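Please work through the exercises below with the sequence and the coordinates open beside you. Each task is followed by a solution that goes step by step.

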Amino acid sequence: MRKIIVGITGSSAPIYGISTLRALRDTPDVETHLILSEGAHLSIKYEAPDWTIDAIKAMADVVHDPRNMAASVSSGSFKTDGMAVVPCSMKTLAGIANSYNNDLITRAADVCLKERRRLVVVARETPLHRGHLLNMLSVTDMGGVILPPIPGFYSGPQTIDDIVNHTVGKVLDLLGVENDKFRRWEGKDPSAG
């Protein structure tokens with residue numbers, strides 16, 4: 001059984017985290033460990049009103065309190081297969097980039113980096129200033145992957161779900177989870193017109 005941590009922060013677009021958790025719930029060999037930041041509760045209330053916190057928590061195998069720095073995922077001796085912080089606020093990104101472990105999301109991300117486990121950070125902000133970019137570079141230099149939620153339009157998205165699923169599929173790919181969340185590029189023959 002693979003163990004994957006999902007951190008949902010107070011950034012805009014909590015639907016990315018909810019959809020990632022839902023896709024992992026439907027993957028039989030994955031045990032999910034969910035951490036919802038305090039800010040996530042507000043962004044879910046404002047931007048995903050069709051979802052309750054309880055319904056989101058019910059999709060996870062294990063739910064951790066973001067203040068519990070003694071949780072299993074706070075230690076490298078608890079083996080996981082990686083973590084997605086989706087979406088990731090700039091505050092959380094700064095915490096990860098600077099190893100400032102002020103909550104369980106930043107601590108679990110720090111553990112993934114120090115143990116050389118996959119960390120996928122879906123940084124959600126626009127536009128970006130130099131500090132944001134430097135924090136992204138810092139996380140990348142430590143082995144994390146920055147995956148901004150930027151859709152590929154080659155798949156011909158028709159709905160918001162199609163756009164969300166493109167990013168979710170990319171997150172799952174990076175975590176080594178097989179999925180069919182988006183239509184993959186198969187190439188084009190330039191001579192075909």
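The exercises that follow concern a predicted model, and they go from the whole chain to single residues.

**Exercise 1. Determine how many helices and strands the chain has, and in what order they come.**

Solution. Counting the elements gives seven helices and six strands. When these are read along the sequence, the pattern that emerges is β-α-β-α-α-β-β-α-α-β-α-β-α.

**Exercise 2. Decide whether the radius of gyration of the chain agrees or disagrees with that of a compact globule.**

Solution. For 193 residues, a compact globule would be expected to have a radius of gyration near 16 Å, and the chain has 16 Å, so the two agree. The box filled by the C-alpha atoms, taken along the principal axes, is roughly 60 × 35 × 35 Å. Turning to burial, 47% of the 193 residues count as buried. Finally, if one takes the contacts between residues at least 6 apart in sequence, 75% of them join residues at least 24 apart.

**Exercise 3. Find the aromatic pair and classify its geometry as stacked, tilted or edge-to-face.**

Solution. The count comes to one aromatic pair. Its members are Tyr154 and Trp185, whose ring centres lie 5.7 Å apart and whose planes stand at 75°; because planes over 60 degrees apart count as edge-to-face, the pair belongs to that class. Tyr154 sits in the loop between β6 (145-146) and α7 (160-174), while Trp185 is in the segment after α7, so the pair ties together parts that are 31 residues apart in sequence. As for accessibility, Tyr154 is partly exposed at 35%, whereas Trp185, at 51%, is exposed.

**Exercise 4. Locate the cis peptide bonds that precede Pro87 and Pro127.**

Solution. The bond from Val86 to Pro87 is cis, with omega near -5°, and Pro87 belongs to strand β4 (residues 83-88). The bond that joins Thr126 and Pro127 is also cis, with omega about -10°, but Pro127 is found in the loop between β5 (119-123) and α6 (130-141).

**Exercise 5. For Ser99 and Arg116, state the sign of phi, and say whether each residue is buried, partly exposed or exposed.**

Solution. Ser99, although not a glycine, has a positive phi of about 50°. Ser99 lies in the loop between α4 (90-97) and α5 (104-114), and its relative accessibility of 39% makes it partly exposed. Arg116 likewise has a positive phi, near 60°, and is placed in the loop between α5 and β5. With a relative accessible area of 70%, Arg116 is exposed.

Notes:
Residues numbered from 1 in each chain as written. Predicted model: local features only at pLDDT ≥ 70, side-chain atom pairs only at ≥ 80, totals over all residues. Heavy atoms only, no water. Helix = DSSP H or I, 4+ residues; strand = E, 2+ residues; numbered from the N terminus. Rg over C-alpha atoms; globule rule 2.2 N^0.38 Å. Buried < 20%, exposed > 50% of the residue type's maximum accessible area, 1.4 Å probe, protein only. Contact = heavy atoms within 4.5 Å. Phe/Tyr/Trp six-rings, centres within 6.5 Å; stacked < 30°, edge-to-face > 60°.
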